[in-house]
Amino acid sequence: FLANLDNPAAYEAQIGQQVVANKIRNLPALEKPVLASAWSKPIAAHLGEKRSASGFTIPRSVAAEVEATDEQLQAYLEENQENFRWEEHRDFELIAFKAEDVVDKFEATDEEVMRLYEARKDSLAVPGNRVIETVTLESEEDAKALFDRHQAGEEWPALAFELSSKPPVSLGAKAKEDLPAELADIAYDGGEPGTRAPVKTEAGFVVVNVIKQEEAIPAKFEDHEADIKKNAALAKARRELDTLSQELDFDLGEGLSLKEAAEKQGVPYYSFTEVDRFSRIKGGGREAFLAANNELIQAAFDADEGTEPVVIDGNDGLQYALTITKIHEPSDQTLEEARVRVQAAYTRQEQDKELEALAEELEPQLASGALSFEDAAAKYEAEIETAETSLRTDMQSQGRFFAQATAGIFAADGEGSVVTQVTSSGVLVAKVLGVEAADGEEIDEGTQQQLERLATSWQNEVETA
């Protein structure tokens, strides 16, 4: 505004723009945008039209093999050079490590290992279990009778049926901590397998029968010593990561190279040449280590060439430092570098030309009836597919052929029209069998949803503007 104070007309125009902008900004937003009927009806009619069609695919294999000379490939490359370029590549050196990579630098003492074993031996033991069946009765008298008669030698299942009218309930093999508290103590009372005296619970009087029991197996120190020692060293390495990173930072600040600092501190060192931002080595595949650590490749492409390396505390305990030694700017690929891709693209282009000529030849013959649809399909050993009368969205879901051909089928003039299209599959040949027009007055749920999405899209564009 201040720049136009000496130009009243321009100043007034800017004020006017600001007023309009404020009015637009203050318009109430619709909860659900809608299209005016003058727009919605013709759009609904377009979306509501149904068609039926049949078609077949002439395979790409009908096109002749392409024998290209180097001169032809070179000319194609020069005409389409933008499709055959190297992206930016970088050379860089890298130190990268986690606690697991430097665990060998740390060792737990015998005293630490024994202390950890004593603290964990209960959890390391193989827990005991009891295979248990229970019978629940309403009265204590019946429960005692069941217990006494089983102790006297009567059959357990028969007694359960007689006194409770139900079979025993099997709880399976249970550790003590997995049982209800009122059952755990009697099941693990140290006695032999067999029934235990009834116990009162909220459900009634329960008689427990221990069918089988396996005692806990204590953890032996020698069986777990190696794992405890390794885990203790790993825990120590994690605690010392910050100290190790600080020592590396100091070494780098003193002028040591990444390789020298890595060797001094015993951490992994890497050197990469001509890697792009997708971890691909120029002319080769992906570098597995970088592909698995996207954070590193991102850092390599955020850094400037020659920047002094510092140790960075990354994600998930990753510590790293890097230096960019060379940046390879984007460049055109030569024919030798891109030969395989150029050959494939040139072949596709030449075969497309042949297939397009075939399509142009077939379309009028099929439309006039000079060649029947069936004879054309038979000539190219193609199978005719048919889509019943349906909306365009439904036709697209009727197999690969109609997924590709539906747009052309609905763009065709009408019933009897023949359309052809060259795709990666070959030549699609389709014939419109029938058309059911829609007036846009009756809008089904699917069409309504499409109209709402269209209205929302347009409103978003207006709000953005």
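Ser279 counts as buried, because its relative accessibility is 1%. The model it belongs to is predicted. Ser279 sits in the loop between E9 and H10, and its phi is near 70 degrees, a positive value in a residue other than glycine. This briefing starts in that loop. It then turns to the nonpolar cores, a buried arginine, the salt bridges and two exposed loop residues.

**The loop between E9 and H10**

- Glu287 shares a contact with Ser279. Glu287 lies in the loop between strand E9 (269–275) and helix H10 (288–292).
- Phe272 and Ile281 are also touched by Glu287, leaving out residues up to four places away in sequence.
- Glu287 is buried, yet it has no salt bridge. The nearest side chain of opposite charge belongs to Arg286, and it is 9.2 Å away.
- What does the side chain of Glu287 reach at 2.8 Å? It reaches the backbone nitrogen of Phe289.

**Positive phi**

- Most residues other than glycine have a negative phi.
- Ser279 goes the other way, with phi near 70 degrees. Glu381 also has a positive phi, near 50 degrees.
- Glu381 is placed in the loop between helix H13 (373–379) and strand E13 (385–391).
- Is Glu381 buried or exposed? It counts as exposed, because its relative accessibility is 76%.
- Ser279, by contrast, counts as buried at 1%.

**Nonpolar cores**

- In soluble globular proteins, nonpolar side chains tend to be buried together.
- The largest nonpolar core here has 19 residues. Ile95, Phe97, Val102, Leu248, Leu252 and Val267 have the most contacts inside it.
- Strand E3 (89–97), helix H8 (221–253) and helix H9 (258–265) each supply at least two residues of this core.
- Which element gives the largest share of this core? H8 does, with seven residues.
- A second, separate core has 17 residues. Leu355, Leu371, Ala376 and Tyr380 are among them.
- Val267, from the largest core, touches Ile95, Phe97, Val102, Leu244, Leu248 and Ala262, not counting residues up to four places away in sequence.

**A buried arginine**

- Arg196 is found in the loop between strand E6 (194–195) and strand E7 (199–201).
- Arg196 counts as buried, because its relative accessibility is 8%.
- Its side chain makes a polar contact with the side chain of Asp189, at 3.0 Å.
- The side chain of Arg196 also reaches the backbone oxygen of Gly194 at 3.0 Å.
- Leaving aside neighbours within four places in sequence, Arg196 is in contact with residues including Phe147, Ile186, Ala187, Val207, Val208 and Gln213.

**Salt bridges**

- Side chains of opposite charge can pair when their charged atoms come close.
- How many salt bridges does the structure hold? It holds 22.
- One of them joins the side chains of Asp70 and Arg339, at 3.0 Å from N to O. Asp70 lies in helix H3 (residues 70–79) and Arg339 in helix H12 (residues 335–368), so the pair ties together parts that are 269 residues apart in sequence.
- Asp70 is partly exposed, because its relative accessible area is 41%. Arg339 is partly exposed too, at 24%.
- Arg339 also meets Glu336 in a salt bridge, at 2.5 Å from N to O. These two are three residues apart in helix H12, so about one helical turn separates them.
- Glu336 is exposed, with a relative accessible area of 57%.
- Arg60, Arg348 and Asp352 are joined into one network by salt bridges that share partners.
- Arg90 forms a salt bridge with Glu88, and their closest N and O atoms are 2.6 Å apart.
- Arg90 counts as buried, because its relative accessibility is 7%. Glu88 is also buried, with a relative accessible area of 18%.

**An exposed serine**

- Ser165 lies in the loop between helix H6 (156–164) and strand E5 (169–174).
- Ser165 counts as exposed, because its relative accessibility is 61%.
- Ser165 and Tyr76 are 89 residues apart along the chain. Their C-alpha atoms are separated by 89 Å.

Terms used:
Residues are numbered from 1 along each chain as its sequence is written. This is a predicted model: local features need pLDDT of at least 70, side-chain atom pairs count only at pLDDT 80 or more; totals for chains, interfaces and linings use all residues. Side-chain values use heavy atoms; hydrogens and water are left out. Helices (H or I, at least four residues) and strands (E, at least two) are DSSP runs, numbered from the N terminus. Buried means under 20% relative accessible area, exposed over 50%, partly exposed in between (1.4 Å probe, protein chains only). Lys and Arg count as positive and Asp and Glu as negative; His and the chain ends are not counted. A salt bridge is a side-chain nitrogen of Lys or Arg within 4 Å of a carboxyl oxygen of Asp or Glu. A polar contact is a pair of N or O atoms within 3.5 Å; within protein, one must be able to donate a hydrogen and the other to accept it, and residues adjacent in sequence count only if both atoms are side-chain atoms. Contact means heavy atoms within 4.5 Å. A nonpolar core is a set of buried Ala, Val, Leu, Ile, Met, Phe, Trp, Tyr and Cys residues joined through side-chain atoms within 4.5 Å.
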